[in-house]
Each structure stands twice: as structure tokens, then as C-alpha cells.
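Work through the exercises below with the sequence and the model in view. Try each task before reading its solution.

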Amino acid sequence: MKNLLDVELQKIEKSLWKISKEMYENPELGDQEFESMNLLVTLLKEHEFQTEIGIVGRPTAFKSVFNSGKPGPTIAYLAEYDALPGIGHGCGHNLIGTMSVGAGIILSKIINKIGGSIVVLGTPAEETNGAKVPMSKKGIFDDIDVAMIVHPSDQSYISGDSLAMDAIQFAYTGKSSHASASPEEGINALDGVIQLFNGINALREHLPSDVRIHGIISEGGKAANVVPDFAVGQFYIRAKQRAYLDKVVEKVISIAQGAALMTGTTVEISNYELSYDDMITNQVLSDCFTNNLQQTSKLPINEAKQTYGSIDMGNVSHVVPAIHPYIGLNKPGLIAHTKEFAAQTTTEDGYETLKTGALALAYTGYDVLTDKKLLESIQQEFQRNK
Ligand SMILES: [Zn+2]
Ligand SMILES: [Zn+2]
């Protein structure tokens, strides 16, 4: 029956390709991806998916459901479609969106024979304020059994891990005065931020090497002859696991408070972007996907990459068994977040990636829907990791 999926793909592959190219021509930033969302949602509606737009309070998020009407598991395919400022689809999310939508549609064509449901989730703003975070918190995955997404890359890689991340802002308030005529009247907010940097740099010596702390001074005063009464440092703090990251963040917050104390300033601490959890790959689901990708794609599949990035799929992987593998664009060494990467998504290789990725996702969905033992071991592994 799996072969029927190949036939179904042939019927829609040109439509998917056209959408991917239109997204490339008209890249939209996170939470503004209205046209991109419309292209995907229109195709899903044509294929009788019940679609709700604007879920979890995000205008460009959507949930599209195809229910066979027969009992069975629910498979979720996650679609991203946000681009990067000045670079366009340098992360290849035009292919992510079309691969996931394609997989959902072709699997829906045979699901009446096997039972279960398919959900395609449109997840905006992966590059900035990932909508998968509120989706994970607000129960969108409660009735879903597995969640899958596949990301384009230079080569194919098995689903691996990613760092947990908090984006924290430290806003120091002091008192302005003439920096030369009456410095003794001033309280320097910039000194608070500088001491925060110094304290963090001292902390680094005593952190494991997977921890990353990197920041900027986003406000540091207006003129050198005025004591700055307001200064802001923004940081990303990351670690391999959420539990350890929470400990590091606690230490950084103590440093920030110490910096306020020693400079006589006050500090306000807040999260300026959503927090991402570490990615926990479900190995059983991942093995199933890898086997299927080996059938659909001729490219070699490498071991999981050692990455120091953070993805909002991490949050999903904490609430439902999930994978986030990489699929090759047949250009080893190609670097993400570049115009070259974006251009590669529009080549023959990009077309091949779209087709083989959508098919491997659909095959894997088929396996989960039809093999009870497979789903049981996926769920057992998920419970063990909890
Ligand atoms: Zn990216
Ligand atoms: Zn990406």
C-alpha cells in the first residue's frame, strides 16, 4: 500500500514545487507570513483538510485536520514558512512547509483504508519567537501521538539534539547628571551592565563547555557627557539540558543583582523572547524515518550533527514523541542562513529534496498508523525519557 503514496505524490508535486518557489520569491518574516500561510492552507483546503487559522493567538499559525473517521493514532506534520531579514529563505523553510503539507495530503489519500488522523500544524516565526512554544504549552499536542518535521541542510543527518535556551534582558536604571560638572550626583546604569558582563565572564571559567552565554548592550546611554540613567544588556543563555540551564540562569541572575548592588542601580530582569527547550529525539521514531528516507533518497544519511543552536521543536519534543532530522540539498558544506542556501532550494536538487522528504515523512506516518508495536515502543521510550 505504501507504493500508493508515490502515486499520490506525483499528482501534487508540481503544486508543492510552485508554492515553494513562490515563497522563495516572496519571503516573509516571522509572524508576518500571511501569503506563505495562505498558499499552504489553500492547498490543504482543496484536499479537504478542516482548517483553523490563527490558533494560540498567532495570526499566521494554523491547524489543518484530516480525520479518517476510523479509530487510530494521530500523526502531526509541522510546517514552517518564515524567512530571514535580508536573506530570504536562507534556512529553507519554504521546503519545510511544502514537505510537511505534501506528506499530510498524500497520506490523507489512503488513510480511509487504515484509520487514524493527520494534523498539519503551521508553526510561524521559528527564527525569532517560535510558535511551537505556546503550542506546546497550550495543549495543541494533547491528542497527537507523534510530531515530525524535516529541515533542509547541506547533507542529510539523523535527528539529534539542540540546546535549551533562555533570552534574558537586564535593564538597569540609575540617575543622570552632568558627567563632568556633577558626576557625584549621578548613578551610572551602564556600569551595571558592564559589571554584569564582567561577572558572567568570571562565571564562564566554571561552566561545562556545552554552556553558551552571549550578549550585547542594546542601550548604553545617549551621550558621553551625560551619566547614563538607563542601560540594557540582552543575552542568550544556552545549555544541553533544560534542568542545567535553569541552574546557570539562576547564577546569572545573582550576578545581575550583584552588579546592581555594587553600582547603586536597580535592575529589571525579563525574558525578551520565548524560551526554547532542548530537543529530545525519539530514537524509535527516528530509526523509522531514517529507514524510510533511505528508500526515498539516494543521498547518504550522516550521524546526527553536533549543533549548538536552539530550535522550538525542542519544546514539542518534551510533550510528544518527536523528530527533527535534516535532509540534504546535495551540496556538502553549504551554509545555512545565506543567500546561496536559499538559492539551492530552487534547483533540481531542491525539487528532489522536496519530493524525497515529503515521501519519507508520509511513509513514516503510514508505519506509525499501521504498526501498533512500533507506536508502543515510541511511547515507551517517551515515558522513559520523561
Ligand atoms: Zn534558521
Ligand atoms: Zn530553520
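**Exercise 1.** Find where UniProt places the feature "domain: Peptidase M20 dimerisation", and describe that span in this predicted model.

Solution. The unreviewed UniProt entry puts this feature at residues 173-257. In the predicted model, the span is 38% helix and 22% strand. Its end C-alpha atoms lie 12 Å apart.

**Exercise 2.** Check whether the length of helix α7 agrees with its number of residues.

Solution. Helix α7 covers residues 242-263, which is 22 residues. At 1.5 Å a residue, the helix should span 32 Å. The end C-alpha atoms are 31 Å apart, which agrees with that value. Just after α7, G264 has a positive phi of about 75°.

**Exercise 3.** Sort residues of α7 into buried and exposed, then explain the pattern.

Solution. Start with the buried set: R242, L245, V248, V249, V252, I255, A256, A259, A260 and T263. Seen down the helix axis, these residues fall within an arc of 140°, so they line one face of α7. Residues three or four places apart in an α-helix point the same way, because there are 3.6 residues a turn. On the other side of α7, the exposed residues are A243, K247, E250, L261 and M262. Last, find the partners: the buried residues pack against helix α6 (189-204) and the strands β8 (164-173), β9 (212-219), β10 (230-239) and β11 (266-271).

**Exercise 4.** How many cavities of 30 Å³ or more are there, and what lines the largest cavity?

Solution. The count is 2. The largest cavity holds about 70 Å³ of space. Its lining includes D161, K305, H324 and Y326.

Methods: Residues numbered from 1 in each chain as written. Chains lettered and ligands numbered in written order. Predicted model: local features only at pLDDT ≥ 70, side-chain atom pairs only at ≥ 80, totals over all residues. Heavy atoms only, no water. Helix = DSSP H or I, 4+ residues; strand = E, 2+ residues; numbered from the N terminus. Expected span 1.5 Å × (residues − 1). Buried < 20%, exposed > 50% of the residue type's maximum accessible area, 1.4 Å probe, protein only. Arc of directions from axis to C-beta. Contact = heavy atoms within 4.5 Å. UniProt positions renumbered as here; feature names shortened; annotations may be inferred. 1 Å grid on protein atoms, 1.4 Å probe; cavity = no way out; pocket = protein on both sides within 12 Å on 5 of 7 lines; lining within 4 Å. Points joined across faces, edges and corners; volume = space filled by probe spheres on them.
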